[in-house]
Amino acid sequence: MSLRWKITATVTLVSVLVAVTLSLIVHFAFAYRLADEAREVQLERIELVMREFDRTGQPSLGGVLDDPDLPDVLRTAVEGGRTATLIEDNGDGASVWAAAPVGDGRTLSLRDTYEGRLDSLASLDRVLVSGAAAVVAAGAGSGVLIGARLSQRLRRAAAAAGRVADGDRSTRVSAAIGGRSHDEAAELAHAIDAMAEALQARLEAERRVTADIAHELRTPITGLNTAAELLPPGRPSELVRDRVRALRVLVEDVLEVARLDTDNERADLSGLGIAEFTARRVSAYGPEVQVRVVADAVVETDPRRLERILVNLVANAVRHGAPPVLVEVDGPRISVRDHGPGFPEAVLRDGPIRFRMGPDQTGGHGLGLTIALGQARVLGARLELANAPDGGALATVDLAPPPLR
């Protein structure tokens, strides 16, 4: 149940409790008042009847001497020498009694109907039920409005926080929720904005440090590479050149990641036939990688960035998967699938993390998928990572623009 309906249910429940409580209080207060008024009237009437009986010796004004229908509880009360009243409902109708002793063990009683007062009480109950229903309806309506407003603000805050998490540095949660209320939702939005700004400042500082270090390493690595090429032929020289090349690739990858983190990269778009482009770029891997074209398409994209994405995905499949590696072109969609152990659950859940490899993966630095995702973001494409149902990793690049909303 969403927060909106929880608030509505709570407000409605409180409205029901308040309406029922007030209705019961009013009902019983009015019922006691009617009963007291009826008893007082009967007491006045029985006193008048007793004065007439003392004067004439005969009951009058509706009084009855030794009425056989007199209730036993009232008869017992009168035998004690007291004047008493009783409201009785015996199934034939409600009545109000008054009785008083007149000497020689005789009882003078007076009986009147109570139905009129019960009708007044029933009318009041109908008014109370209508009022209670109106209060509950108003409470439920206000609960819906309050819950909808708060739920809408929190949903906008969640959407804005999601955009911030996706790297949109211009989004502010406090601006997204709108309104001038200084409530808990506004405090939460300001806290999220402050946290996002602090994290962005920290990430920017780390990016600058990483880029500066990588940039400063390019000069000595270039010198190492030149020196390695001058070494005499032999196994030790080959090992040195191999390590220098790996270090140079790592530095270039780190610089590329740093550039992608700035969100300043822009794609240089041109028309490109996807099938021919893919086949040409994958051919360097030989028969180990197969290309299957389901449907060709011409897409406006950046060939250099698309090549970077495709090469990284294929290299990742060759290095960490198992043959055969299949590259399938289906219009603007390119999928790379291997038959290895598949992506680790952490990668599928949290995405690739730079410089972190799976427990069963060796080689590389964990930057290939990170760069591929960054380049796809620059192209406005979607890169999805999944595991095939029958085993193996499956990476899909969708170059089609997202539908307009």
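Leaving out neighbours within four places in sequence, Thr 278 is in contact with Leu 310, Val 327, Val 329 and Ile 334, where contact means heavy atoms within 4.5 Å. Thr 278 sits in helix α7 (residues 274-282); helices here are DSSP runs of H or I with at least four residues, strands are runs of E with at least two, and both are numbered from the N terminus. With 0% relative accessibility, Thr 278 counts as buried. On this scale, buried means under 20% relative accessible area, exposed means over 50%, and partly exposed is in between, using a 1.4 Å probe and protein chains only.

All of this comes from a predicted model, in which local features need pLDDT of at least 70, side-chain atom pairs count only at pLDDT 80 or more, and totals for chains, interfaces and linings use all residues. Residues are numbered from 1 along each chain as its sequence is written, and side-chain values use heavy atoms, with hydrogens and water left out.

How sure is the predictor? The pLDDT score is its confidence in each residue, from 0 to 100. The protein has a mean pLDDT of 83, with 93% of its residues at 70 or more. Confidence is highest in strand β9 (residues 333-337), at 92, and lowest in helix α5 (residues 184-229), at a mean of 77. Over residues 359-365, pLDDT stays under 50, and the model has 13 contacts beyond four places in sequence for this stretch. Where pLDDT is low, the predicted coordinates should not be read in detail.

Next comes a sheet. Four strands make an open sheet in the order β1-β4-β3-β2, with antiparallel pairing. Its edge strands are β1 and β2 (84-89), each of which pairs on one side only. Two strands count as paired if DSSP finds at least two bridges between them. Strand β1 (residues 64-65) is joined to strand β4 (residues 106-113) by two bridges, and Leu 65 stands opposite Leu 108 in β4. Between strand β3 (residues 94-103) and β4 there are eight bridges, with Ser 95 opposite Thr 113 in β4. The hairpin of β3 and β4 has two residues between the strands, and Asp 104 in this hairpin takes a positive phi near 55°. On the other side of β3, six antiparallel bridges link β2 to β3, and Ile 87 has Val 96 in β3 as its bridge partner.

Pro 71 belongs to the loop between β1 and α2 (72-79). At 9% relative accessibility, Pro 71 counts as buried. Not counting residues up to four places away in sequence, Pro 71 touches Leu 86, Glu 88 and Trp 97. Although Pro 71 and Glu 88 are 17 residues apart along the chain, their C-alpha atoms are separated by 8.5 Å.

Helix α1 (residues 3-56) is where Phe 28 is found. Phe 28 joins Val 16, Val 20, Leu 24 and Tyr 32 in a nonpolar surface patch of about 470 Å². Patches are built from residues with over 30% relative accessible area and no salt bridge, joining like charges within 9 Å and nonpolar side chains (Val, Leu, Ile, Met, Phe, Trp, Tyr) within 5 Å; the areas come from the Shrake-Rupley method with a 1.4 Å probe, and for residues only the protein chains shown count as cover. Phe 28 itself is partly exposed, at 44% relative accessibility.

What about charged side chains? The structure holds 14 salt bridges, each being a side-chain nitrogen of Lys or Arg within 4 Å of a carboxyl oxygen of Asp or Glu. Glu 37 pairs with Arg 33, their closest N and O atoms being 3.2 Å apart. These two are four residues apart in helix α1, so about one helical turn separates them. Glu 37 is partly exposed, at 31% relative accessibility.

Glu 52 and Arg 55 also meet in a salt bridge (2.7 Å, N to O). They are three residues apart in helix α1, so they too are separated by about one helical turn. Glu 52 is partly exposed at 22%, whereas Arg 55 is exposed at 61%.

In helix α6 (residues 235-261), Arg 241 and Glu 238 lie three residues apart, about one turn of the helix, and their side chains form a salt bridge (2.9 Å, N to O). Arg 241 is buried, with a relative accessible area of 9%, while Glu 238 is partly exposed at 39%. Elsewhere, Arg 333, Arg 382 and Asp 398 are joined into one network by salt bridges that share partners.

Note on methods: pLDDT is the predictor's confidence in each residue, from 0 to 100.
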